[in-house]
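Subject: Handover of a structure and the findings on it

Dear colleague,

I am handing over to you the structure shown below. Please keep it open while you read the notes that come after it.

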Amino acid sequence: MTQQLTVTEGRVPVLDPASARAEAARLRDRFAEGASERDAQRILPHEQVRELAASGLLAITVPAAHGGADLPVEVVADVIRLISQGDPNLGQIPQSHFAYVNSLRLSAAPAQQAFFFGEVLAGKMFGNAQSELGTKHVRDYRATLLPAGEGEWVLNADKGYCTGALFADWIPVLAHLDVDGPLHVAWVERHTEGVTVVDDWDGVGQRTTASGGVRLVDVTVTEDLLTPFHATFDGRPQTYGSFAQTLHAAIDAGIARAAVTEAAAFVTTTSRPYPDAGVDRHADDPLVVHAFGELEVAVRGAEALLAEAARAVDRANADLTAETAGAASLALAAARAATTRASVEAASRLFELAGTRSALGRLNLDRHWRNARTHTLHDPAAWKIQHLGRHVLDGVLPPSHGQI
């Protein structure tokens, strides 16, 4: 690394599996306290993100060789699921952070790994500037690094859906290395001259993820801050995509569980019984009890598929072949389909089961549906089912890219 890049002093806790889960559960409860108000008034969770970074949870995937916890994907999935139960915005904000820590593991040079893993262990967070608006499709990128002298490149780009960038210390920017060159990650410090993070995200759900734009104008990037993103997918099996999908599935599983939990609390404390049920308490209506049982089956099934999918990624990482990587992607396809359905259904049926009072705007119970519907638009579940069906019929493994 260049000499001006010095790892920040200090170190976050290195957590074992039990302490990581316990810390995630503690933060779940803390983050739940103000989640509804933050959503209703669109209060960005700067304080909560700082607390999340200080907890050590953002460092749990740093390799052991670099002093990190190197926890398995199964634990990471649990952490994101628990955080998302409290506030799925705070589950989604570090999604790209974890994805790009993984990218460093897979394709960065040793000196780059030492520097950036040191940054994470010092409590730093990565955002993202990957997607672009107005391109042909989600994997079509126009951003290009152009040569600007010995060991330097200049970057101009206009990125969208940049979740986490507003809170980040480093923004990984996906761009071609020279015109039509291979994709690289340009690591740009958040407050570098020429970098503007635009808080223009106005989604109906996940309202406080700050998933707005990043604009880069004549930003200089040195050679040592470029990592070859294309190398992750060039002719070798990988779990980059299935790991990223694990995090998305965990967010949706957290939303589903939160919706059922809040619906049950409302039904047992506030809802009035329907007269024809002949019961004194709405929660004793057999139709309501049955419906909650159905939702519990769906949510437990989604949670179980998430856990099994995470274990499949861990198995693939331990013995990486085209077959094990494909099996992990298929496991995640099933988990994404299940968590999508469970989160949207639970957040919608909440009102059917809780009754008219639950629709009051001041209660903001619709945030669960808005969060589920918005987040599940990542990588359509219908395509997950397509890949599963094609494998069942013809034994075809899914494609190797970052969205499966």
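The notes below deal with the sheet, the helices packed on it, the empty spaces, the aromatic pairs and two backbone angles.

Please bear in mind throughout that this is a predicted model.

The sheet

The sheet is open and consists of seven strands, and their order across it is E5-E6-E2-E1-E3-E4-E7. The pairing of these strands is mixed. Strand E5 (195–198) and strand E7 (226–227) each have a single partner strand and stand at the edges, so one side of each has no neighbour in the sheet.

Three of the pairings may be followed strand by strand. Strand E5 pairs with E6 in the antiparallel sense, over four bridges; in this pairing, Val195 has Leu216 of E6 as its bridge partner. Strand E6 (residues 213–222) is also joined to E2, by seven bridges, and these two strands run antiparallel. Here Leu216 of E6 is the bridge partner of Ala157. You can therefore find Leu216 named as a partner of Val195 and of Ala157. Strand E2 (residues 152–159) is in turn joined to strand E1 (residues 144–147) by four bridges, again in an antiparallel arrangement. Within that pairing, Thr144 has Asn156 in E2 as its bridge partner.Helices on the sheet

Two helices pack on this sheet. Helix H6 (residues 95–107) touches strand E3 (170–177), strand E4 (183–189) and E7, and its direction makes about 120 degrees with that of E4. Helix H7 (residues 110–121) likewise touches E3, E4 and E7. The direction of H7 makes about 145 degrees with that of E3.

Aromatic pairs

A pair of aromatic rings is described by the distance of the centres and the angle of the planes. The count of aromatic pairs comes to 11. One of them is formed by Tyr100 and Trp187, whose ring centres are 6.2 Å apart and whose planes stand at 85 degrees, an edge-to-face arrangement. Tyr100 belongs to helix H6 and Trp187 to strand E4, so this pair ties together parts that are 87 residues apart in sequence.

Empty spaces

Rolling a probe the size of a water molecule over the atoms shows where empty space is left. How many cavities of 30 Å³ or more does a search of the whole structure find? The search finds one, and about 40 Å³ of space lies in it. The residues that line this cavity are Leu52, Leu57, Leu58, Val79, Ile80, Ile83, Leu90, Pro94 and Phe98. By class, the lining has nine nonpolar residues, no polar and no charged ones. Helix H4 (residues 73–86) gives the most to this lining, with three residues.

The largest pocket holds about 1,200 Å³ of space. Its lining has 39 residues, and Ser131, Val138, His378, Asp379 and Gln403 lie nearest the centre of the pocket. Two or more residues of the lining come from each of H6, helix H8 (240–269) and helix H12 (381–394). The lining of the pocket divides into 15 nonpolar, 20 polar and four charged residues.

Two backbone angles

Most residues other than glycine have a negative phi. Tyr161, in the loop between E2 and E3, has a positive phi near 55 degrees. Gln206, in the loop between E5 and E6, is not a glycine either, and its phi is positive at about 45 degrees.

Yours sincerely

Terms used:
Residues are numbered from 1 along each chain as its sequence is written. This is a predicted model: local features need pLDDT of at least 70, side-chain atom pairs count only at pLDDT 80 or more; totals for chains, interfaces and linings use all residues. Side-chain values use heavy atoms; hydrogens and water are left out. Two strands pair if DSSP finds at least two bridges between them. Contact means heavy atoms within 4.5 Å. Axes are lines fitted to C-alpha atoms, for helices over the stretch in contact, and angles run from 0 to 180 degrees between N-to-C directions. On a 1 Å grid over the protein atoms alone, a cavity is a set of points where a 1.4 Å probe fits but cannot get out, and a pocket is an open set with protein on both sides within 12 Å along at least five of seven lines; lining residues have an atom within 4 Å of a point. Grid points are joined across faces, edges and corners, and a volume is the space filled by probe spheres set on the points. Ala, Val, Leu, Ile, Met, Phe, Trp, Tyr, Cys and Pro count as nonpolar, Asp, Glu, Lys and Arg as charged, and the others, Gly among them, as polar. Rings of Phe, Tyr and Trp (its six-membered ring) pair if their centres lie within 6.5 Å; planes under 30 degrees apart count as stacked, over 60 as edge-to-face and the rest as tilted.
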